[in-house]
Amino acid sequence: NAMYHLINERDVLMLTTCKHGALWKEMKDERCDRDNVEYDKHDYVTLLRTSTFCLVPRGRRLGTYRLLESLKYGCVPVLLSNGYVLPFSEFVDWSKAAIVADENFLSQVPSMLREIPEQTVRKLRENGLVYYKKYFSSIKQIVSTALEVE
């Protein structure tokens, strides 16, 4: 709910769909129809590729697949999951590829991101793509990196 307040019709877009699982229609809320219409207007991968920052809120558990999606498509992940231990932090300097923001100060995130210099953003994007290819691009890469951690 707090994330809906970030949408400003200028540079913050949030897409969500409630079409999850077989019972989604029975569980939908008052925003569901509107969200689905907006979601269907966009191609998700194109949106990731053309976005500068991608919010990565906690999922149903502490981690979320959105981190890897962001890295894969060159979008700088903005982690909103206090206490989240980032994968392979023994090898990956996440400060070079992601922004970590306090989820309790969500309303301040857009202005914080707007202040990041373009050169820094470009480097974050580049590093994210490198990290994705090196550590996360396949099951083989993930297993290989996990074995190195031991």
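Select Lys-96 to begin: at a relative accessible area of 44%, Lys-96 is partly exposed, a label for values between buried, under 20%, and exposed, over 50%, with a 1.4 Å probe and protein chains only. Now add Asp-93, also partly exposed at 34%. Lys-96 and Asp-93 form a salt bridge, and their closest N and O atoms are 4.0 Å apart. The term stands for a side-chain nitrogen of Lys or Arg within 4 Å of a carboxyl oxygen of Asp or Glu.

Before moving on, a word on the model. This is a predicted model, in which local features need pLDDT of at least 70 and side-chain atom pairs count only at pLDDT 80 or more, while totals for chains, interfaces and linings use all residues. Residues are numbered from 1 along each chain as its sequence is written, and side-chain values use heavy atoms, with hydrogens and water left out.

By the salt bridge rule the count comes to 2, so select Lys-123 and Glu-126 next, whose side chains meet at 3.6 Å, N to O. These two residues sit 3 apart in helix α6, which means about one helical turn separates them. Lys-123 is partly exposed at 47%, and Glu-126 is partly exposed at 40%. Staying in helix α6, pick Thr-120, partly exposed with a relative accessible area of 36%. Draw a distance from its C-alpha atom to that of Ala-97: the two are 23 residues apart along the chain and separated by 9.8 Å.

Now switch to a cartoon view. The chain has 7 helices and 3 strands, in the order α-α-α-β-α-β-β-α-α-α from the N terminus. Helices (H or I, at least four residues) and strands (E, at least two) are DSSP runs, numbered from the N terminus.

Next, go inside. Of the 150 residues, 33% count as buried. Select Leu-67, Leu-71, Leu-79, Val-92, Trp-94, Tyr-135 and Phe-136: within the largest nonpolar core, which has 14 residues, they touch the most other members. Such a core is a set of buried Ala, Val, Leu, Ile, Met, Phe, Trp, Tyr and Cys residues joined through side-chain atoms within 4.5 Å. Two elements, α4 (66-72) and α6 (118-136), give two or more residues to this core, and α6 gives the most, with 4 residues. A second, separate core of 11 residues includes Val-76, Leu-106, Val-109 and Val-121.

Which residues does Leu-67 touch, not counting those up to four places away in sequence? Show Val-56, Pro-77, Leu-79, Tyr-84, Leu-86, Pro-87 and Trp-94 to see them. A contact here means heavy atoms within 4.5 Å.

For another inside stop, select Ser-51, in the loop between α3 (44-50) and β1 (53-57). Ser-51 counts as buried, at 18% relative accessibility. Leaving out residues up to four places away in sequence, Ser-51 touches Gly-74, Cys-75 and Arg-125.

Finish on helix α7 (residues 139-149), where Leu-147 lies. Is Leu-147 buried or exposed? Leu-147 is exposed, with a relative accessible area of 60%. Together with Ile-139 and Val-143, Leu-147 forms a nonpolar surface patch of about 330 Å² of accessible area. Patch members have over 30% relative accessible area and no salt bridge; like charges are joined within 9 Å, nonpolar side chains (Val, Leu, Ile, Met, Phe, Trp, Tyr) within 5 Å. Last, pick Glu-148, also in helix α7 and exposed at 53%. The C-alpha atoms of Glu-148 and Glu-90 are 9.5 Å apart, with these positions 58 residues apart along the chain.

Methods:
Areas by Shrake-Rupley, 256 points an atom, 1.4 Å probe, with all protein chains shown as cover.
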